Amino acid sequence: MSAREWIGKDFYKELGVSSSASADEIKKSYRKLAKENHPDANSGNAKAEQKFKAVSEAYGVLSDPGKRKEYDEARRLFGSSGAGAGGFGFPGAGGQGGPGGFDVGDIFGQQGQAGGFGGLGDMLGSLFNRRGAGGAGSANRAQRGADVETDVRIDFVEAVKGATLPLRLSSPASCSTCGGNGAKPGTRPRTCSTCGGAGLVSRSQGAFAFSEPCPDCRGRGSIIDDPCAECGGDGISTRTRTLTVRVPAGVDDDQRIRLAGQGEPGRGGATAGDLFVRVHVNPHPTFGRKGNDLTITIPVGFDELALGGTVTVPTLEGRVSLKVAPGTSSGRVLRVRGKGITKRDGAQGDLLVTLQVTIPAKVDGEAKAALDAYAKAMADEDPRPEITAMLAERS
């Protein structure tokens, strides 16, 4: 779709956001609407499919800072109703766009007459896919396809070690029936005889020369006499495809993986957009993560910390034994080298083991007698000397 066609569409309204919405707000609204109207969830619902295409098209423009800037500028200059797309009324001169009106976009598209509007002409030339001076060039310029984003959810171990996943995706893609040219199989689009394939026609009015979209091909430069039944002549249709996604070892929760050229197809022979896969990682019941390190908390008895000993610790590959020095305090973190996350670049993390003392809910019998004896033996050993001294000073 050319920028001139953008003006007649309200992409902000399609996504249900304001024109001042942030990139995150636009993305959030798109993901919500795309999920609600996804063809997989609305089989046979033509209205939902059209809505899915509309929000995908809107997101393709508003998610790209450059395209959004062009779109906003076009709406500002010509009005959100799209008046400038066919002819903007301007008093004091003949032509289309109402009595005494002419196409402001066309006159500004001319370069430098009497010191004229070179800078603004360049900008509008870009908006309307023009090339340089005099409005010459093609209105059907190649345009890169829009980027697409989808989500996958994986287990904690898959995120640590990496995984290869099949991804089923429904999105706009090059029509498989016509090969993307929009014409019925066995036929081809023909070059517009009116504009010679340029998409623009010129006319003169007094001292001025104007260029405007060709009325026969609507600025496309070609005419499809027999449109493809699947895509209706657009060259793009929504289809379901299966891709294989390789999730690298050590991927973070909410991280995006880029698949180059797997987004929406380009127009006019341009390259396709990219597919971004956002990864969501399920938490593990035992292990946690801190950067490239894995974390785990191990319950230990008071005697193990006081007297020292050996504790057995699970890892993702098996078990390891750790020595606990006598007098180790609760909350101490021990490090097991190389048992964390290993990434493709060779970076390797560790396993961080936190020792946490456990207190029995009830103590009786020999255990109680032993603790009473311990308490008497340690009566002269104050475990809180600083606090005791502070209380003594205040008494």
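A residue counts as buried when its relative accessible area is under 20%. That cut-off is handy for a look at strand β9 in this predicted model. All 7 of the 7 residues of β9 (residues 275-281) are buried, so the strand is largely enclosed by the rest of the structure. Leu275, Val277, Val279 and Val281 point one way from β9, while Phe276, Arg278 and His280 point the other way. Why the two sets? In a regular strand the side chains alternate between the two faces of the sheet.

Next come the strands that pair with β9. Strand β1 (residues 148-154) runs parallel to β9, and the two are joined over 7 bridges. Within this pairing, Thr150 stands opposite Val277 in β9. Strand β8 (residues 256-259) also pairs with β9, but here the sense is antiparallel, with 4 bridges. In that case Arg256 stands opposite Arg278 in β9.

Strand β1 also leads to the salt bridges. Two of its residues, Glu149 and Asp151, reach the side chain of Arg31. Glu149 and Arg31 meet in a salt bridge with N and O 3.9 Å apart. Since Glu149 sits in β1 and Arg31 in helix α3 (residues 23-36), the pair ties together parts that are 118 residues apart in sequence. Asp151 forms a salt bridge with Arg31 too, and there the closest N and O atoms are 2.6 Å apart. This contact again runs from β1 to α3, so it links parts that are 120 residues apart in sequence. Which residues does the wider network take in? Salt bridges with shared partners join Arg31, Glu149, Asp151, Asp254, Arg256 and Arg278 into one network. Arg256 and Arg278, which stand opposite each other across β8 and β9, thus turn up here as well.

How exposed are the partners around Arg31? Glu149 has a relative accessible area of 11%, which makes it buried. Arg31 is partly exposed at 30%, and Asp151 is partly exposed at 32%.

Elsewhere, the side chains of Glu57 and Lys9 meet in a salt bridge, at 3.3 Å from N to O. Glu57 belongs to helix α4 (residues 46-62), whereas Lys9 lies in the loop between α1 (3-6) and α2 (11-15), so this pair ties together parts that are 48 residues apart in sequence. Both ends are partly exposed: Glu57 has a relative accessible area of 25%, and Lys9 has a relative accessibility of 33%. Overall, the count for the model comes to 20 salt bridges.

How values were computed:
Residues are numbered from 1 along each chain as its sequence is written. This is a predicted model: local features need pLDDT of at least 70, side-chain atom pairs count only at pLDDT 80 or more; totals for chains, interfaces and linings use all residues. Side-chain values use heavy atoms; hydrogens and water are left out. A salt bridge is a side-chain nitrogen of Lys or Arg within 4 Å of a carboxyl oxygen of Asp or Glu. Buried means under 20% relative accessible area, exposed over 50%, partly exposed in between (1.4 Å probe, protein chains only). Two strands pair if DSSP finds at least two bridges between them.
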